[in-house]
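Hello,

As promised, I am handing over the structure we talked about. Have a look at it first, and then read on for what turned up around the ligand.

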Amino acid sequence: MIENIKKYIRNVPDFPKAGINFKDITTALKDKNVFREIIDDMYEKIKNRNIDKIAAIESRGFLFGAPLAYKLGCGLVLIRKQGKLPTKTFSQSYDLEYGSATIEIHQDAIRENENVLVIDDLLATGGTAEAACKLVKKINANVDSIMFLIELDELQGKKRLENFGEVISLIHY
Ligand code: AMP
């Protein structure tokens, strides 16, 4: 039961700063049955979609993107923080509460018109995932769907993503 997984996600109040209720997934991943259940459930939700590549967002998106790509039998590509990827990239900046951040993808990571699933651990305001979708669009590929383990409903991040593709979240708070 996927709702059961909530029991394994640790809430850490005021991390990394006052007012943020941090959802710590390490307590779920360290349990072999729970980790497997998460990946299997993600797989069930996308197995009938036509996905060529999974684009995983650094860093916790990697933890789900890699086993899911293996299970689905599709390619895995990395969306990383600025300056980490070694060859030609596209970049996308987005606003944070204070300042901004930039993420990048290799220009040759995806081919034009390929169908891409974007994945991260958690959807909050949607700024990070929206920037990731824009990177996929810069390559002229399609965002098929955007997947998260956790969606924080009240922040309404989904609204920023719906124009790109279907938003699929396993757990809602
Ligand atoms: P956002 O761009 O606002 O949707 O934030 C999403 C990114 O920030 C994801 O990569 C999350 O890992 C991280 N994040 C945001 N809020 C939280 C939270 N309450 N708990 C854990 N991670 C968070």
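A good place to start is the shell around the ligand, where strand S2 (21-24), strand S7 (115-123) and helix H4 (127-138) each contribute at least two residues. Please keep in mind that this is a predicted model.

There are 13 residues around the ligand, and those that come nearest are Arg60, Asp121, Thr125, Gly126 and Thr128. Sorted by class, the shell holds 4 nonpolar, 5 polar and 4 charged residues.

Some polar contacts may interest you. A polar side-chain atom of Thr125 is 2.5 Å from an oxygen atom of the ligand. The backbone takes part too: a polar backbone atom of Ala124 lies 3.0 Å from a ligand oxygen, and one of Lys23 lies 2.9 Å from a ligand nitrogen. On its own the ligand has 490 Å² of accessible area, and the protein covers 80% of that.

Now to the pocket. The ligand takes up space that is the largest pocket, which contains about 1,100 Å³. Its lining counts 35 residues, with Arg60, Leu96, Leu122, Ala124 and Thr128 closest to the centre. At least two lining residues come from each of S2, strand S4 (75-81), strand S5 (89-95), strand S6 (100-106), S7 and H4. S7 gives the largest share, 4 residues. By class, the lining of this pocket is made up of 17 nonpolar, 8 polar and 10 charged residues.

Happy browsing, and best wishes

Terms used. Residues are numbered from 1 along each chain as its sequence is written. This is a predicted model: local features need pLDDT of at least 70, side-chain atom pairs count only at pLDDT 80 or more; totals for chains, interfaces and linings use all residues. Side-chain values use heavy atoms; hydrogens and water are left out. A residue is near a molecule or strand if one of its heavy atoms lies within 4 Å of it. A polar contact is a pair of N or O atoms within 3.5 Å; within protein, one must be able to donate a hydrogen and the other to accept it, and residues adjacent in sequence count only if both atoms are side-chain atoms. Accessible areas come from the Shrake-Rupley method with a 1.4 Å probe; for residues, only the protein chains shown count as cover. On a 1 Å grid over the protein atoms alone, a cavity is a set of points where a 1.4 Å probe fits but cannot get out, and a pocket is an open set with protein on both sides within 12 Å along at least five of seven lines; lining residues have an atom within 4 Å of a point. A molecule sits in a cavity or pocket if more than half of its atoms lie within 2 Å of its grid points. Ala, Val, Leu, Ile, Met, Phe, Trp, Tyr, Cys and Pro count as nonpolar, Asp, Glu, Lys and Arg as charged, and the others, Gly among them, as polar. Grid points are joined across faces, edges and corners, and a volume is the space filled by probe spheres set on the points.
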